[in-house]
Amino acid sequence: MRLITAALWAFFCSSAALPAAPFLRGDADANRSLEITDAIQVLAFLFVGEPLASGCLDAADADDNGHVQLTDAVYILGYLFRGGPTPPEPFEGCGDDDTLDDLPCPYFKACKIEREGLILTTPDDLKLSGYYLAGGPPGSPGVILVHQYLQDDQQWGDFPEELAAQGWIVLAFSLRGHGESDPYTGGDLSKILTDPRGAPVDLEAAVTFLTGEGVADTNRVAVVGTSIGANLAVLASIRKWARAAAALSPRTSAIEALAATKAQGMAGIAYYAGELDNAGDAKSLEEATADPSTVTILSASSDHGIAILRNRPETRGEIVEFLRSALGS
Ligand SMILES: [Ca+2]
Ligand SMILES: [Ca+2]
Ligand SMILES: [Ca+2]
């Protein structure tokens with residue numbers, strides 16, 4: 001019994017680097033209500049080795065003493081049936097843990113999924129600013145969002161929330177030289193558009209984070225990008241970092257410069273381009289991409305990158321459906 005508990009503990013601790021999700025104290029089964037079943041969940045976790053239905057150890061720490069113990073089950077029962085003390089906040093509504101401890105809460109399905117800020121460290125030791133939405137428990141499919149030149153991780157509107165609502169773990173970040181991330185050191189910022197030692201290294205940091213132990217399913221990662229982000233999404237497919245991608249306004253010459261290789265070996269990509277905006281590259285890239293792949297040319301449109309998502313809202317649902325099918329989720 002102790003061995004099983006230790007294994008579970010190691011599983012939860014491995015995800016301790018993740019941002020913490022808002023939760024409800026005592027609601028060990030994450031059904032948004034404190035009931036006898038929550039006490040039973042705590043006991044089953046401690047003595048039978050059952051995983052917590054909520055996946056959130058902080059929620060099971062009903063008395064907020066920093067440990068999940070028999071006393072937490074007793075505390076829940078005391079509150080419910082014997083007029084015992086009210087569990088500490090967050091109890092009246094979803095919230096964060098005010099008291100620091102080592103109990104991880106990577107995901108809590110009964111609370112609204114919120115953006116949790118995070119800092120990625122690149123292989124060349126830059127800090128990149130971003131945020132994370134735990135739309136599902138550890139091991140769910142993961143989606144990385146890559147913005148375009150002179151934009152940042154805020155360009156997406158509520159698309160990250162729409163993706164997280166599919167049960168996916170979503171990571172958006174700002175490339176070096178953009179948003180709150182460290183500056184680009186390769187010269188004039190426009191050089192980042194073709195520098196293989198710049199933005200691709202940033203995407204690698206995001207992939208490494210998302211495929212780390214206890215985060216997303218390493219075999220079900222997708223990248224969605226606009227303009228340079230689209231080129232990086234294609235690069236992620238070339239390098240087998242991602243099983244699926246959506247590339248809005250890609251450019252072949254920039255992909256080949258960033259990847260330092262021919263644009264070949266891609267699979268599972270949905271391409272988009274405005275008819276009046278370099279649509280030829282999207283078409284030829286799609287021909288070179290193994291199934292599943294699609295290309296959508298927006299007639300009489302010069303929309304580029306994020307403008308496609310903003311001006312053609314139906315694109316969002318199409319991308320979700322494409323990723324769902326390509327990721328098998
Ligand atoms: Ca409950
Ligand atoms: Ca406790
Ligand atoms: Ca605590």
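What follows is a chat between a student and the author about how the labels on this predicted model are earned.

Reader: Before we start, what should I know about the model?

Author: It's a predicted model, where local features need pLDDT of at least 70, side-chain atom pairs count only at pLDDT 80 or more, and totals for chains, interfaces and linings use all residues. Residues are numbered from 1 along each chain as its sequence is written, while chains are lettered from A and ligands numbered from 1 in the order in which they are written.

Reader: How is the protein divided into domains, and how far apart do their centres lie?

Author: There's domain 1 (2-81) and domain 2 (116-327), with bounds from an automatic or database domain assignment. Their C-alpha centres lie 36 Å apart.

Reader: What makes Gly-274 count as buried?

Author: Buried means that 20 or more other C-beta atoms lie within 10 Å of the residue's own (12 or fewer is exposed, in between is partly exposed, and C-beta atoms are placed from the backbone). Gly-274 has 23 within 10 Å, so it's buried. Gly-274 sits in strand E7 (residues 267-274); strands (E, at least two residues) and helices (H or I, at least four) are DSSP runs numbered from the N terminus.

Reader: Which residues does Gly-274 touch?

Author: Leaving out residues up to four places away in sequence, they include Leu-298, Asp-303, His-304 and Ile-308. Touching means that the C-beta atoms, placed from the backbone, lie within 7 Å. The C-alpha atoms of Gly-274 and Thr-296, 22 residues apart along the chain, are separated by 8.5 Å.

Reader: How do you know that the length of helix H4 agrees with what it should span?

Author: The expected span is 1.5 Å times one less than the number of residues. For the 12 residues of H4 (residues 70-81) that gives 16 Å, and the end C-alpha atoms are 17 Å apart, which agrees.

Reader: Why are the buried residues of H4 said to be on the same side?

Author: The buried ones are Asp-72, Ala-73, Tyr-75 and Ile-76. They cover an arc of only 160° around the axis, so they're on the same side of H4. That arc is taken from the directions from the helix axis to the C-beta atoms. Leu-70 and Phe-81 are exposed, on the face turned away from the buried side.

Reader: What do the buried residues of H4 pack against?

Author: Helix H2 (36-47) and helix H3 (57-60). In H2, the buried residues are Asp-38, Ala-39, Gln-41, Val-42 and Phe-45. They cover an arc of only 155°, which puts them on the same side of H2, and they pack against H3 and H4.

Reader: Why is H2 called roughly antiparallel to H4?

Author: H2 and H4 pack at an angle of about 170°, with their axes 9 Å apart. That makes them roughly antiparallel, because the label goes to angles over 145 degrees (under 35 is roughly parallel, 65 to 115 roughly perpendicular, the rest oblique). Axes are lines fitted to C-alpha atoms, for helices over the stretch in contact, and angles run from 0 to 180 degrees between N-to-C directions.

Reader: What about helix H11: how do its expected span and its end-to-end distance compare?

Author: Its 14 residues (residues 314-327) should span 20 Å, and the end C-alpha atoms are 20 Å apart, which agrees. Among its buried residues are Ile-319, Phe-322 and Leu-323. The exposed Glu-314, Gly-317 and Glu-321 are on the face of H11 turned away from its buried side.

How values were computed. Contact = placed C-beta atoms within 7 Å.
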